[in-house]
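I opened this entry to look up the aromatic rings and the nonpolar cores. My notes follow the structure.

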Amino acid sequence: MANELAYDLSPLIKVYKDGRIERLAGTATIPPSLDPTTGVHSNDVVISRETGVSARLYLPKPEPHDPNRKLPLLVYFHGGGFCIETAASPTYHNYLNALSARGNVVVLSVDYRLAPEHPIPAAYDDSWAALKWAASHSGGNGPNEWLNSRADFQRVFLAGDSAGANISHHVALRAGLEGLAGVDLSGIVLVHPYFWGRDPIGAKAENGAVIGDESLAGKIWRFVHPSSGSGSDDPLINPDKDPNVGKLVCGRVLVCVAEKDSLKDRGWFYGQVLKKNGWGGSIELEEAKGENHVFHLFNPTCDNAVVLMDKVCNFINQDI
């Protein structure tokens, strides 16, 4: 009984019938630090003592000519199918050190609660709480001095990869529906976004690939959101089914996809969904040829990863 599987969602997670949970990746952690390569400082902060939600904050090396200049704020949501990885993962820590330094941007990396212990919508609620916590610093009197003194709340961006890109979309949508005082949400960056649907689109419509609830993407969604009645057509995973999708609050969106990623077509389709639902902002689409899902995290020095990093940083600093 102890070794009988209830769920096998390799390469992410296994759950055994006795309740034991085995995460197959994303369990390593690294403490905050002063990064010797980039000069970026990081610190961990508590978002909510009630839920235990926290975040890791990154502050780039001060500019010699203007050390107190306020910088764009990027709120980042990590990937991992809503069920693995943390803000303290070496993968994300190293990536965000590099992004903070390259983009000269303050980064708040959110450590939201994971499924199955905390199924959807916990990740969305935690991420929204983190953005509101960050916004509480817009008047310069919040609990964190780095955000009070260095973050420019007229240049706030959301970003994430995979499940984190999905979260970025929904947090921006929630800001549009509920409002967010003191903050100008300038744009969102969706890297290889985890969107799905029951009906095949793009290349999958042509080659008969497994789609919908029976695909790995569909099975992961059912696992992390067991109360969803509509599976892969839940508006949380399929923006085309969301009547509010056009109310996205930001004016600019960058979507990055990878040629060999099974989620690629959904990333391309997302831009069409926004436009046909009346969203009036500008959208940029970027495809990395020959690459697979979140390749930039596993091979951050390859040519395409460097191009992707530059694209994200240029998007954030476009109006500076």
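**Aromatic rings**

I found that F82, Y124, Y194 and W221 form one aromatic cluster, where rings of Phe, Tyr and Trp (its six-membered ring) pair if their centres lie within 6.5 Å, with planes under 30 degrees apart counted as stacked, over 60 as edge-to-face and the rest as tilted. The model is predicted, so I kept in mind that local features need pLDDT of at least 70 and side-chain atom pairs pLDDT 80 or more, while totals for chains, interfaces and linings use all residues. Residues are numbered from 1 along each chain as its sequence is written, and side-chain values use heavy atoms, with hydrogens and water left out.

My search of the whole structure gave 8 aromatic pairs. The planes of Y76 and Y92 stand at 50 degrees with the ring centres 6.2 Å apart, so I entered this pair as tilted. It links distant parts of the chain, 16 residues apart, with Y76 in strand β6 (residues 71-77) and Y92 in helix α1 (residues 90-103); helices (H or I, at least four residues) and strands (E, at least two) are DSSP runs, numbered from the N terminus. Both Y76 and Y92 are buried, that is, under 20% relative accessible area with a 1.4 Å probe, protein chains only.

**Nonpolar core**

Which residues touch the most other members of the largest nonpolar core? They are L73, F82 and L248, in a core of 70 residues, meaning buried Ala, Val, Leu, Ile, Met, Phe, Trp, Tyr and Cys residues joined through side-chain atoms within 4.5 Å. Helix α2 (residues 122-135) supplies the largest share of this core, 8 residues.

Note on methods. Buried means under 20% relative accessible area, exposed over 50%, partly exposed in between (1.4 Å probe, protein chains only).
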